[in-house]
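This report describes selected features of one protein chain for a reader who is new to structural biology. Please consult the structure shown below while reading.

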Amino acid sequence: MHSKMKLAMFMLLMLNCVCLFAQPVSTSEMLMGYQEFPIAAVDNMFMPFSNPSLLGTGTVNGIGLAHLNDDEVWKRHYWLFANLDGLSYIYERAEGQDFHTLAMGEELLPAHVLPNLYVGANYRWQSDKFEEGLIRSAVSYRPHNLASLAFTWDNPYKRKPYYRFGTALRPFTLLPSIADHRLELTLDMNYSLPDSSDAYKFMKPIIGAQTQIMDGVRIGGTYNLEEETALLSFSLSFGKTEIGSLLRLKENDNYAIAWGQAMDKSFKPFLGITPPSWHSMKLTGNVVSYRAPKYNLGPINIYDSKDKSIESLIAEIEKAKQDPAVDGILLKNPYFSTSLALQEELAAAFQDFKASGKKLSFYYDNIGNAGYIFAASLADKIYLNPMGSVDLRGLAISSPYFKNMLSSLGIETLNFRSHRYKNAGNMFSEPEMTEAEREVYTAILDGFMTEWEKRLTAGRGTTLKGTARQIIEAGPYYIASEALNKGMVDALIYEDQLAKQLKQDFQYSRSSKVLADYRSYDWAKPKESQIAVIYASGNIVMGKGTPGQKIAHSSTVDLIRKARKNNAYKGIILRVDSGGGSAQASDIILRELELAKTENKKPVVVSMAGVAGSGGYYIACNADKIVANPSTITGSIGVIGLAFNATEAFKKIKVNWSTVKKGEKADLGSLSRPWTEEEKQLMIRAIEHTYNDFVAKVDAGRPNLNLEQVHQYAQGRIWTGSQALEIGLIDALGGMDTALESMREVSGLRGKLKLVDATTKDSGISVAMDSDAFNTYLPYSALRELSAEYLQVYELWKDFSEDKALMLSPEIPAVIQF
């Protein structure tokens with residue numbers, strides 16, 4: 001916004017100059033560089049001179065040097081260029097005189113309104129004559145990769161304006177086989193005052209053509225029919241460097257310019273030569289659906305440097321797929337933690353990478369349980385350290401139970417639940433796992449194991465010595481040679497032997513940790529329809545909170561309200577990663593999403609990440625489409641209420657309570673007295689009412705199900721994404737890419753859909769650091785030595801101690817080490 005304000009002020013200055021100065025100027029007074037370059041197609045360092053509006057394309061960011069050679073004499077005439085993000089400064093030294101040029105250019109309107117319309121201006125002056133400078137203003141429009149249009153007008157000091165119209169065509173754009181040669185035909189027309197004339201006229205045109213004969217080799221030329229002047233160009237580009245020369249031919253007035261520039265982006269491989277290179281990808285830390293700050297210290301947001309968003313990793317894989325210099329991806333010891341569902345999204349991105357014909361290999365010192373399934377389902381080759389192991393052992397769910405401990409302390413737990421499968425509070429009220437819990441967990445593990453067997457068979461079915469289930473049951477494999485004999489890995493090698501092995505298997509030559517950022521040669525970007533993405537991660541609670549840490553009702557409603565009232569957004573994707581929480585908070589959030597559909601007529605699509613159960617499913621149930629991964633944990637349609645009676649505990653520690661109250665139930669819920677039967681019935685009715693409301697909301701939101709079916713699949717049961725698809729609780733399997741296609745389907749939008757993060761605020765200072773180091777300075781570090789289960793209990797108590805009715809899923813390990 002600030003850059004546009006500066007640009008507007010600059011344009012205003014230009015208009016003032018038009019009005020103030022009106023005396024004739026001859027074209028001979030125009031500077032070299034202002035004449036022969038085709039203004040609609042110029043893409044070299046002289047762009048800030050010829051057409052400053054195209055600086056808004058960002059294609060010439062970098063630094064450069066040019067030098068003039070006249071009649072085979074090396075002149076003291078040179079230029080220094082510095083171009084960055086729509087701004088440019090050029091220093092010119094010519095025969096003892098210093099000249100300066102400032103230029104700026106920017107896209108005028110957002111891509112969702114009118115893309116590819118650029119405006120810009122430059123100002124050139126001599127060092128000691130700033131007020132006598134020359135202003136050039138420019139407008140360019142590129143409606144299609146086929147065509148580019150441009151218009152410039154000059155306002156010299158105390159002279160009349162000088163105008164130029166330019167157009168360029170790429171006739172082969174629609175022919176993919178030869179489009180990369182980028183043949184460009186240009187036509188420019190000057191409209192100015194001829195020498196000794198006071199009447200404007202169109203001059204004879206300037207015609208031109210340029211093309212890339214091979215990757216990195218470009219030739220071109222223009223001919224000015226009015227001036228009878230030719231300009232020939234030749235350039236070579238490789239890496240981030242481009243060098244070239246310009247030759248101007250005119251009777252008795254020839255010169256040449258040699259130039260070079262270092263860009264911020266890479267050119268495509270020179271002559272298309274790409275030696276086999278692999279991208280060495282680092283896959284460690286925590287893979288999350290939304291990267292939220294761990295701590296907030298005033299305006300400072302502190303992020304865990306180990307956290308990586310699933311979107312950033314998928315984008316890196318896609319970039320490697322599109323890179324012509326990358327033949328494969330190498331993963332060395334990719335130890336990371338995430339949910340099974342997000343791991344499936346990551347695996348899908350790698351599968352898409354491999355579908356392009358590129359390779360994927362893993363090297364491990366030791367392979368973990370879920371990590372092996374991940375690698376085996378994807379890898380072309382798996383290499384293991386000779387002293388390593390494969391810790392493949394299957395899946396298990398364990399949960400602590402605190403009833404006996406609480407009873408020994410004199411604390412009674414009241415677990416009000418809508419159904420026996422609604423077992424999120426069982427850890428407090430039961431001495432061990434109930435049969436209903438065991439039934440649910442068995443069904444979930446069956447779903448997970450089915451996915452594991454399917455993926456293991458698809459990835460290594462031809463090499464395994466046995467079925468996928470037999471291989472899993474026979475693990476773990478602590479002796480590397482046993483894993484090799486079972487066909488689980490392809491070779492036992494040390495890391496120093498890896499390059500040689502890859503060369504033998506894939507003609508590998510080298511690897512790089514950095515992917516090239518290639519310069520775009522496209523003229524036009526498609527018009528975009530913006531889709532707001534709101535990330536809902538964590539426990540659902542009442543109040544305000546930091547997105548990504550909690551789904552606080554007030555903060556989340558504010559995000560949804562801003563998105564639904566923003567006309568730039570054509571739809572909302574809610575990315576849910578939550579096991580639920582407060583029933584009231586869930587209902588308020590659902591209400592705001594319903595308003596987006598009814599009041600603002602915006603489609604809502606839900607993308608479920610690792611878990612979207614109970615309250616997490618409640619806020620999703622009225623979406624136009626619900627998308628989940630095969631291993632997403634969802635469902636858990638039910639309600640619980642937890643209360644505690646510590647009467648006996650207070651007796652044990654000799655604490656007496658006395659109460660004065662007005663109202664029979666004024667102290668309802670107090671730890672110091674037991675609940676009456678009437679109060680218990682009151683709570684039971686509230687739980688039943690909330691459950692009935694829950695299934696009614698699901699019935700209203702899922703037109704493919706009737707109320708009886710919803711109740712059948714509810715009752716607190718949890719489902720995997722695959723199971724939920726079979727029974728109609730969701731609409732499709734997949735990640736954010738599938739959610740985006742679902743948005744296209746329900747919205748009827750055409751063209752490019754652009755996902756916009758409508759959750760993260762740009763304000764404040766962001767700092768990334770290792771959370772382990774930071775935690776050593778926090779009181780919370782004392783809890784880090786406790787087991788994850790005990791910390792989980794603490795978090796639940798902290799979040800929900802004030803809530804009577806909870807839509808909370810049972811605790812299933814949501815994060816697994818890969």
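In this predicted model, Leu340, Gln343, Glu344 and Ala347 of helix H5 meet Phe448, Glu451, Trp452 and Arg455 of helix H9. The residues of this contact comprise four nonpolar, one polar and three charged. Helix H5 covers residues 340-355 and helix H9 covers residues 435-460; their axes come within 13 Å and cross at roughly 20 degrees. Angles under 35 degrees count as roughly parallel, and H5 and H9 are therefore roughly parallel to each other. The crossing of the two helices, H5 and H9, is left-handed.

**The parallel sheet**

Strands of a sheet pair through backbone hydrogen bonds, either parallel or antiparallel. One open sheet of this model consists of six strands with parallel pairing, in the order S26-S24-S23-S21-S16-S27. Strand S26 (491-492) and strand S27 (510-512) stand at the edges; each has a single partner strand, so one side of each is left without a neighbour in the sheet. The partner of S26 is strand S24 (residues 381-384), and the two pair in the parallel sense over two bridges. Within this pairing, Tyr383 has Ala491 in S26 as its bridge partner.

Helices also lie against these strands. Helix H4 (residues 310-322) packs on the sheet, where it touches strand S16 (277-281) and strand S21 (328-332), and its direction makes about 175 degrees with that of S16. Helix H6 (residues 369-376) lies across strand S23 (359-364) and S24, and runs at about 155 degrees to S23.

**The surroundings of Ile493**

Ile493 is placed in the loop between S26 and helix H12 (498-506). Is this residue, Ile493, buried or exposed? Its relative accessibility is 6%, and Ile493 therefore counts as buried, since buried means under 20%. Leaving aside neighbours within four places in sequence, the contacts of Ile493 are Tyr363, Tyr383, Leu384, Asn385, Pro386, Leu498 and Gln501. One of these residues, Leu384, is 109 residues apart from Ile493 in sequence, yet the two are 6.1 Å apart in space, C-alpha to C-alpha.

**Antiparallel strands**

Strand S15 takes part in two antiparallel pairings, which are set out below with a residue pair from each.

| Partner of S15 | Bridges | Residue opposite Gln261 |
|---|---|---|
| S1 (residues 62-70) | nine bridges | Gly64 |
| S14 (residues 241-249) | eight bridges | Glu242 |

Gln261 of S15 thus has Gly64 opposite, and Glu242 also stands opposite Gln261. The hairpin of S14 and S15 has five residues between the strands, and Asn252 in this hairpin takes a positive phi near 60 degrees.

**Backbone features in loops**

Two further residues have a positive phi. Asn116 has a phi near 70 degrees, a positive value in a residue other than glycine. Asn116 is located in the loop between strand S4 (97-107) and strand S5 (117-126), and is buried, with a relative accessible area of 2%. Lys601, likewise a residue other than glycine, has a positive phi near 55 degrees. The loop that holds Lys601 lies between helix H14 (583-598) and strand S33 (604-613). Lys601 has 66% relative accessibility and therefore counts as exposed, since exposed means over 50%.

A cis peptide bond runs from Gly475 to Pro476, with omega near 0 degrees. Pro476 belongs to the loop between helix H10 (468-473) and helix H11 (480-485).

Terms used: Residues are numbered from 1 along each chain as its sequence is written. This is a predicted model: local features need pLDDT of at least 70, side-chain atom pairs count only at pLDDT 80 or more; totals for chains, interfaces and linings use all residues. Side-chain values use heavy atoms; hydrogens and water are left out. Helices (H or I, at least four residues) and strands (E, at least two) are DSSP runs, numbered from the N terminus. Buried means under 20% relative accessible area, exposed over 50%, partly exposed in between (1.4 Å probe, protein chains only). Two strands pair if DSSP finds at least two bridges between them. Contact means heavy atoms within 4.5 Å. Axes are lines fitted to C-alpha atoms, for helices over the stretch in contact, and angles run from 0 to 180 degrees between N-to-C directions. Angles under 35 degrees count as roughly parallel, over 145 as roughly antiparallel, 65 to 115 as roughly perpendicular and the rest as oblique. A crossing is left-handed if the near helix is turned anticlockwise from the far one by less than a right angle, and right-handed if clockwise. Ala, Val, Leu, Ile, Met, Phe, Trp, Tyr, Cys and Pro count as nonpolar, Asp, Glu, Lys and Arg as charged, and the others, Gly among them, as polar.
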